[in-house]
Amino acid sequence: MANTNSAKEKEAHVTHLPEHGPIDENGREILLSLKNVDITFGKGDKAVRAVKNASFDIYKGATFSLIGESGSGKTTIGRAIIRVNPCAAGEIQYKGVRISGKIPNSLDREVIRNIQMVFQDPAASLNERATVDYIISEGLYNFHLYENEADRVRKVENIINEVGLLPEHLTRYPHEFSGGQRQRIGLARAMVMEPELVVADEPISALDVSIRAQVLNLLKKFQREKGVTYLFIAHDLSIVRFISDRIGIIYKGDIVEVADAEELFDFPMHPYTHSLISAIPIPDPALEKNKVLYTYDPSIHDYSVDKPELVDIGHNHFVYGNKKEIEEYKALREKNEPLKSVTILDPNDPEYETKLKASQEKKIIDEEYTLPPVHDTGSFIYSILSFFLPVLGIIAAFAFKHFNYIRNYKACKKGALGGFGFIAALLIILLLFIVIAII
């Protein structure tokens with residue numbers, strides 16, 4: 001207990017980031033580390049656990065890609081890293097120093113200076129009333145990262161040239177640019193700060209295909225020349241395969257698989273990863289037509305007793321599963337035979353038409369979420385009525401519960417219990433008066 005307290009006191013006195021982060025067993029410097037991070041929005045019954053027990057490391061100078069469908073928690077993690085979203089549990093470490101939660105102001109400024117973000121929507125993330133010159137210079141002004149005005153102008157002009165724009169663009173406003181040009185401005189704004197880590201939140205999803213390649217090449221150029229580390233957030237595995245050193249797969253708040261890029265594509269262990277790889281389009285129309293889409297069904301897992309964990313199955317490959325599943329994954333990996341993620345139907349197969357039709361009709365099976373009925377509002381009127389008519393309130397509560405009006409059920413139950421409590425209190429007081437009167 002004493003050691004824990006001393007560690008916390010030591011941590012609380014850290015006011016500046018060290019020059020280097022911790023080194024792992026393979027000799028790689030860990031720049032950023034998430035340790036059992038939970039992120040929750042809302043309170044009480046309305047609380048939503050957006051990220052659950054997330055853990056992964058990002059190595060210095062590497063690109064870590066976080067992949068998942070919309071609403072899986074990718075951006076939530078990115079915003080937690082730049083200290084916008086608070087962590088409900090766990091911690092985020094940068095160079096071995098905790099940067100989540102309350103930290104000294106000097107450390108906070110260093111984190112802001114060293115971790116920059118490139119946003120998904122280049123239009124919404126730029127101040128329409130400011131010139132490009134001011135947008136790019138804002139970080140330089142805030143941290144005074146220039147010696148004099150000439151030095152500031154030189155830095156801004158250098159970075160605007162590096163992202164493929166011209167110095168005359170500096171006097172213009174964001175609405176005068178195309179989507180790809182705006183994203184370049186956003187990238188220039190981040191890179192002029194000379195950050196060590198850039199959180200790129202789907203920076204190419206809103207761009208045309210040809211422009212996407214240009215932005216990706218820019219990112220790799222900065223990485224080669226400046227040693228920048230990236231957390232690249234995306235929903236498409238095909239985009240990140242050739243730019244990523246490591247890839248993490250997230251499904252509804254759970255990190256289900258983390259591995260090196262080629263390792264993940266050769267040995268996709270988790271069924272959800274398998275489904276994402278099978279969904280990557282094949283350039284050949286004939287092959288794409290005959291491809292069997294693998295669909296992920298969460299009901300295949302039985303986590304009622306044996307709870308899942310993110311476990312290293314070897315080769316620095318982490319998979320989410322219970323003990324039985326982990327043993328199966330380890331056995332598969334030990335065979336060292338690449339797994340087949342995509343199945344192409346043979347047109348000469350006698351059952352080709354039947355299989356093709358079944359493949360086309362198959363829908364993605366997902367967890368069943370029972371949406372609340374339209375009138376399931378949980379209105380306070382139900383609570384008030386149930387308070388004054390508790391017997392009818394209890395009857396109404398169970399009726400609502402039977403038809404899955406859960407919010408109305410809770411409102412009626414709460415009001416009825418309050419009503420019964422009030423009546424009980426009145427009866428006790430009345431009984432006391434009677435006893436006193438008799439005595």
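**Cores, rings and a cavity in a predicted model**

The largest nonpolar core has 56 residues, and those touching the most other members are Ile 136, Phe 232, Leu 237, Val 240, Ile 247 and Ile 249. The structure described here is a predicted model. A general tendency helps in reading such a core: in soluble globular proteins, nonpolar side chains tend to be buried together. Phe 232 is a good residue to look at in detail. Leaving out residues up to four places away in sequence, Phe 232 touches Thr 63, Phe 64, Ser 65 and Leu 66, then Ala 200, Pro 203 and Ile 204, and also Leu 216, Leu 219, Ile 239, Val 240 and Ile 243. Another core, of 32 residues, lies apart from the largest one; among its residues are Val 37, Ala 80, Ile 81 and Val 97.

Phe 232 appears again at the edge of an empty space. The structure holds one cavity of 30 Å³ or more, and the volume of the largest cavity is about 30 Å³. Its lining consists of Thr 63, Leu 216, Leu 219, Lys 220, Tyr 230, Phe 232 and Ile 243. Two elements, helix H7 (209-226) and strand E8 (229-234), each supply at least two residues of this lining. The greatest share comes from H7, which gives three residues.

Aromatic rings form a further theme. A pair of aromatic rings is described by the distance of the centres and the angle of the planes. A search of the whole structure finds 12 aromatic pairs. In one of them, the ring centres of Phe 56 and Phe 64 are 4.6 Å apart and the planes meet at 10 degrees, so this pair is stacked. Both Phe 56 and Phe 64 are buried. For Phe 400 and Tyr 405, the centres are 5.9 Å apart and the planes stand at 40 degrees, so that pair is tilted. Phe 400 counts as buried because its relative accessibility is 19%, under the 20% cut-off. Its partner, Tyr 405, has a relative accessible area of 24% and is therefore partly exposed. Three tyrosines, Tyr 134, Tyr 141 and Tyr 146, make up one aromatic cluster.

Arginines also meet aromatic rings in this model. Arg 28 lies over the face of Tyr 59, at 4.0 Å from the ring centre. Likewise, Arg 333 lies over the face of Phe 267, at 3.8 Å from the ring centre.

The helices can be read in a similar way. In helix H4 (residues 132-143), the buried residues are Val 132, Ile 135, Ile 136, Ser 137, Gly 139, Leu 140 and Phe 143. Ile 136 is thus a familiar name, being one of the core residues that touch the most other members. The buried residues of H4 pack against three helices: H3 (105-114), H5 (149-162) and H6 (179-191). Just after H4 comes His 144, with a positive phi of about 50 degrees.

Helix H10 (residues 271-278) has eight of its eight residues buried, so the rest of the structure largely encloses it. Its buried residues are Pro 271, Tyr 272, Thr 273, His 274, Ser 275, Leu 276, Ile 277 and Ser 278.

A last stop is Gln 116, in strand E6 (residues 115-118). Gln 116 has a relative accessible area of 15% and is therefore buried. Neighbours within four places in sequence aside, Gln 116 is in contact with Arg 189, Ala 190, Met 193, Pro 195, Leu 197, Val 198 and Val 199.

Terms used: Residues are numbered from 1 along each chain as its sequence is written. This is a predicted model: local features need pLDDT of at least 70, side-chain atom pairs count only at pLDDT 80 or more; totals for chains, interfaces and linings use all residues. Side-chain values use heavy atoms; hydrogens and water are left out. A nonpolar core is a set of buried Ala, Val, Leu, Ile, Met, Phe, Trp, Tyr and Cys residues joined through side-chain atoms within 4.5 Å. Buried means under 20% relative accessible area, exposed over 50%, partly exposed in between (1.4 Å probe, protein chains only). Contact means heavy atoms within 4.5 Å. Rings of Phe, Tyr and Trp (its six-membered ring) pair if their centres lie within 6.5 Å; planes under 30 degrees apart count as stacked, over 60 as edge-to-face and the rest as tilted. A charge sits over a ring if NZ of Lys or CZ of Arg is within 6 Å of the ring centre and within 35 degrees of the ring normal. Helices (H or I, at least four residues) and strands (E, at least two) are DSSP runs, numbered from the N terminus. On a 1 Å grid over the protein atoms alone, a cavity is a set of points where a 1.4 Å probe fits but cannot get out, and a pocket is an open set with protein on both sides within 12 Å along at least five of seven lines; lining residues have an atom within 4 Å of a point. Grid points are joined across faces, edges and corners, and a volume is the space filled by probe spheres set on the points.
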